[in-house]
Amino acid sequence: DAAEPGAVRRYLRQFLSDPRIVEIPRAVWLPILHGVILRVRPRQSAEKYAKVWMPQGSPLLVHSREQATLLRGYLGERGIDAEVALAMRYGEPSIPAVLAELAARRCERILVIPMYPQYSGTTTASALDALFDHWRRVRNVPEVRWVRHFHDDAGYIGALRDTVRAHWQRHGRAQDAGGKLVMSFHGVPRRTLDLGDPYHCECRKTGRLLAEALGLRDDDVVVTFQSRFGRAEWLQPYTAPTLEKLARDGVHTVDIMCPGFPADCLETLEEIAMEGR
């Protein structure tokens, strides 16, 4: 809600209390969360948020609202009479509040689009948890469908391709100088892959399809994972060490993009565009 420690603490308390996010027994994890992490991390994170904060608020919320507005107009131009509502899994506008508002507008059929291109139990499933936790307490539940993923959708891959081409037209192409296109996805613990989560495979498929759409060779592209948290092994290769290795190997230029984030946020604007640079 704001780039200050109190607001970040409220967000982290909700986010890191989600059992889909941290799969450690509650009796072990909650004392660590409340006794250590929520005392230290909010101030550190608030300083990072302050670097990317916009006059209108959080970049993620600002861009997501714009997406919802444009989608509403897109549907209206095609004669589709549908409400388009934005809800945040953590923070405001909350999923319960938005669903209650849609119910008040007598919306009886709802299509849910979790804004995670690649499915993961830590993201898509968590959003669905919040939806059905709300409807569990509602007598008149609407008809519901949801989009499970869109990691290989032709429109999604085409949009990524067009974004890269537009960047190359404006700034030149790193590959012309022997560089690389690095695709950095949000990381999750390696354990999730071992337990059957398809996220890693879907990230790799997105990378392969985008490389094909751009006409790139395998050695032109590197798929990495960012935002590691804690000491456990996460999906590899990690983004930051990969950038260091590319430099040691003599790669002079790197283009980096984040195909798992449909809207710019702290992970793209601060972690990649600032810290990564």
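Over how many bridges do strand β3 and β5 pair, and in which sense? In this predicted model, β3 covers residues 180-186, and its pairing with β5 runs over four bridges in the parallel sense. One of the residue pairs involved is easy to pick out: Val-182 has Ile-256 of β5 as its bridge partner.

Stepping back, β3 and β5 belong to an open sheet of three strands, with the order β4-β3-β5 and parallel pairing. The edges are taken by β4 (221-226) and β5 (254-257); each has a single partner strand, so one side of each is left without a neighbour in the sheet. On average, neighbouring strands here are turned by 25° against each other, direction ignored.

Helices come up against this sheet. Helix α8, residues 199-214, packs on the sheet and touches β3, β4 and β5, its direction making about 150° with that of β3. Helix α10 (residues 266-276) lies across β3, β4 and β5 as well, and runs at about 110° to β4.

Then there is helix α9, residues 239-248, whose buried residues are Thr-239, Thr-242 and Leu-246. These cover an arc of only 60° around the axis, which puts them on the same side of α9. The spacing behind this is a familiar one: an α-helix has 3.6 residues a turn, so residues three or four places apart point the same way. Covering the buried residues of α9 are, among others, β3, β4, β5 and α10. On the face turned away from that buried side sit the exposed residues Ala-247 and Arg-248. Just past the end of α9 comes Gly-250, with a positive phi of about 95°.

The loop between β4 and α9 has a couple of backbone details worth a look. Ser-227 is found in this loop, and its phi is positive, about 65°, although Ser-227 is not a glycine. Is Ser-227 buried or exposed? Its relative accessible area is 17%, and because the cut-off for buried is under 20%, Ser-227 counts as buried. Further along, Pro-237 lies in the loop between β4 and α9 too, and the peptide bond that leads into Pro-237 from Gln-236 is cis, with omega near 5°.

A second cis peptide bond joins Glu-92 and Pro-93, this time with omega at about 0°. Pro-93 lies in the loop between α3 (59-77) and α4. Helix α4 itself covers residues 95-104, and its buried residues are Ile-95, Val-98, Leu-99 and Leu-102. Seen down the axis of α4, they fall within an arc of 100°, so they line one face of the helix. What do these buried residues pack against? Their partners are β1 (109-112) and α5 (124-135).

Within α4, Val-98 is a handy residue to follow. It is buried, at 8% relative accessibility. Leaving aside residues up to four places away in sequence, Val-98 touches Ala-85, Leu-86, Ala-87 and Pro-93. Pro-93 is the proline of the cis bond with Glu-92. As for Leu-86, it is twelve residues from Val-98 in sequence, and the C-alpha atoms of the two are 7.4 Å apart.

Both ends of α4 have something to show. At the N-terminal end, Ser-94 acts as a cap, with a side-chain oxygen 3.3 Å from the backbone nitrogen of Ala-97. After the helix comes Arg-106, in the loop between α4 and β1. Arg-106 is another residue other than glycine with a positive phi, near 65°. With 72% relative accessibility, Arg-106 is exposed, whereas Ser-227 is buried.

Over in helix α5 is Thr-124, a buried residue with a relative accessible area of 1%. What does Thr-124 touch, not counting residues up to four places away in sequence? The list is Pro-114, Tyr-116, Gln-118, Tyr-119 and Arg-148.

That leaves the cysteines. Across the whole structure, the number of disulfides is zero. Cys-258, for one, is in no disulfide: the nearest cysteine sulfur belongs to Cys-265 and is 7.7 Å away. Cys-258 is buried, with a relative accessible area of 13%, while Cys-107, at 21% relative accessibility, is partly exposed.

Technical notes. Residues are numbered from 1 along each chain as its sequence is written. This is a predicted model: local features need pLDDT of at least 70, side-chain atom pairs count only at pLDDT 80 or more; totals for chains, interfaces and linings use all residues. Side-chain values use heavy atoms; hydrogens and water are left out. Two strands pair if DSSP finds at least two bridges between them. Helices (H or I, at least four residues) and strands (E, at least two) are DSSP runs, numbered from the N terminus. Axes are lines fitted to C-alpha atoms, for helices over the stretch in contact, and angles run from 0 to 180 degrees between N-to-C directions. Contact means heavy atoms within 4.5 Å. A disulfide is a pair of cysteine sulfur atoms within 2.5 Å. Buried means under 20% relative accessible area, exposed over 50%, partly exposed in between (1.4 Å probe, protein chains only). The arc is that of the directions from the helix axis to the C-beta atoms. A polar contact is a pair of N or O atoms within 3.5 Å; within protein, one must be able to donate a hydrogen and the other to accept it, and residues adjacent in sequence count only if both atoms are side-chain atoms.
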